[in-house]
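Here is a walk through one protein model, taken a region at a time. Keep the sequence and the 3D view open as you read.

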Amino acid sequence: MKVKRVSVLNFRNLKEQTVSLSDGLNVFVGENAQGKTNLLESIYLCCLGKSPRTDKAKDLINYDKDFARVTVDFESRYGNADIGVVVFSNKKKSIYINNVPILKTGELLGYLNAVYFGPDELKLVKSSPDNRRRFLDVDISQTDKNYFYALVNYNKVLQQRNTLLKTAKDVESLTDMLFVWNTQLAKDCAKIVARRKAFCDRLKVVAKETHHRLSGGKEDLEVRYVTQIEGMSAQECRQSAFDLFDKSIKRDFEMRYTTVGCQRDDIKFIVNGTDVREFGSQGQQRTVALSLKLAELTVFKEMTGDYPVLLLDDVLSELDISRQKQLLVFDQRLQIVLTATHIDDGLKKDIKYRSFSIRNGEVVETTDN
């Protein structure tokens, strides 16, 4: 997949403009708060229909405007297409594929895939389980709309169950009342866990190979998907999930929220037998995070036939020169959109890229490389 053009209007601090990208490495250099991250965010918005930074639509709109619009022209192995997203301050956003409106955000998924790698992603290993679940959910949703809809429905029913737990007067009345919620949660939970397991099974193989290379053969990485749901078949997983929800009613009533389910899943990263989150060095944690991102690219390619667009937001400063090169020359067929405050001279001579500067929200192509 390759983004050809990005057009923005009233999007954060970006000037109204159209930016054309090359098929390879595109580098946007500028000081902080000039709009570099906003440009990446605009591309990501057209991939998933949401921002990687905020859930508030008004945050995406220039302070004195009522709406913002982003249009991305791209090509995939299926041909050329365009995606448009219009965000409003007072109503739901509108999404268009080839100028045809879509009714649900889920219909957008899979048209233009992206892997986003920012400073917070480097904290993926040591951050909270919420971030690791989001990592799984974003990736799998882009390749499986059924997963996305199961996830949306699960979270909706989970919220309803939690509301009932907060308002119930006694635990005795809950068992019968929660049967319907537990049945639906178990159904969606089994789907979610099955896809997460399958994704992690492939991811761990590729990440292990990648990490071995990045560490110069000194470290072995093991990726473990951690879930409360047991079983191999869909039926076994569904029954396991139902039993968990059913048996936890008393504790859930005491806590006033659902204490079990796939909303508590996690991923563990083990390097040479040691839990990197608990005992790994900062360098090891960064290497694991980079290994995961490079593995994501390979898994996406295997699942869809196309590499996703790689969006790199100011991450080079967190990596040494060797790992910077590993990231930027991963595969010549990959399109990369990179932001940075500067490019190290030692890196410039080894890579080819199209160079842009960005200042006060305006992008200008340069002859840096």
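## The sheet around strand 10

Strand 9 (residues 221-226) lines up with strand 10 (residues 266-271) in the antiparallel sense, with six bridges between them. Strands and helices here are DSSP runs (E, at least two residues, for strands; H or I, at least four, for helices), numbered from the N terminus, and two strands count as paired if DSSP finds at least two bridges between them. To follow the ladder on screen, match V223 with its bridge partner F269 in strand 10, then R224 with K268. On strand 10's link to strand 11 (residues 274-275) there are two bridges, again antiparallel, and V271 has T274 as its bridge partner. The hairpin of strands 10 and 11 has two residues between the strands, and one residue to look at there is N272, with a positive phi near 50°.

Put together, this is an open sheet of three strands in the order 9-10-11, with antiparallel pairing. Strands 9 and 11 are the edges and have a single partner strand each, so one side of each has no neighbour in the sheet. Strand 10 is mostly covered, with five of its six residues buried. Buried means under 20% relative accessible area, exposed means over 50%, and partly exposed is in between (1.4 Å probe, protein chains only).

## A note on the model

This is a predicted model, where local features need pLDDT of at least 70 and side-chain atom pairs count only at pLDDT 80 or more, while totals for chains, interfaces and linings use all residues. Residues are numbered from 1 along each chain as its sequence is written, and side-chain values use heavy atoms, with hydrogens and water left out.

## V125, in a loop

V125 sits in the loop between strand 8 (114-117) and helix 2. Is V125 buried or exposed? It counts as buried because its relative accessible area is 0%. Setting aside neighbours within four places in sequence, V125 is in contact (heavy atoms within 4.5 Å) with R132, F269, V276, R277, Q285, V288 and A289. F269 is the strand 10 residue that bridges to V223. V125 and L292 are 167 residues apart along the chain, and their C-alpha atoms are separated by 9.7 Å.

## Strand 1 and S42

Strand 1 (residues 2-9) pairs antiparallel with strand 4 (residues 67-76) through seven bridges, with V3 opposite F74. Strand 1 also pairs with strand 2 (residues 17-20), antiparallel over four bridges, and here V8 stands opposite Q17.

S42 belongs to helix 1 (residues 36-48). With a relative accessible area of 0%, S42 is buried. Which residues does S42 contact, leaving aside its neighbours within four places in sequence? They are V6, V8, F11 and V70.

## I97 in strand 6

I97 is part of strand 6 (residues 94-97). Its relative accessibility is 8%, so I97 counts as buried. Beyond its neighbours within four places in sequence, I97 contacts D82, I102, E107, L108 and Y111. I97 and R5 are 92 residues apart in sequence and 15 Å apart in space, C-alpha to C-alpha.

## The nonpolar cores

A nonpolar core is a set of buried Ala, Val, Leu, Ile, Met, Phe, Trp, Tyr and Cys residues joined through side-chain atoms within 4.5 Å. The largest one has 67 residues, and L312, L327, L328 and L338 have the most contacts inside it. Helix 4 (residues 174-214) gives this core its largest share, 12 residues.

Try clicking on L328: apart from its neighbours within four places in sequence, it is in contact with L25, L312, L316, I336, L338, L347 and I351. Another core lies apart from the largest one, with 43 residues, including I95, L109, A114 and F356.

## The largest pocket

A pocket is an open set of points on a 1 Å grid over the protein atoms alone, where a 1.4 Å probe fits and there is protein on both sides within 12 Å along at least five of seven lines; lining residues have an atom within 4 Å of a point. The largest pocket has a volume of about 510 Å³, counted as the space filled by probe spheres set on the points.

Its lining has 21 residues, and K50, R134, D137, L151 and N155 lie nearest the centre. Helix 2 (129-143) and helix 3 (145-167) each supply at least two residues of that lining.
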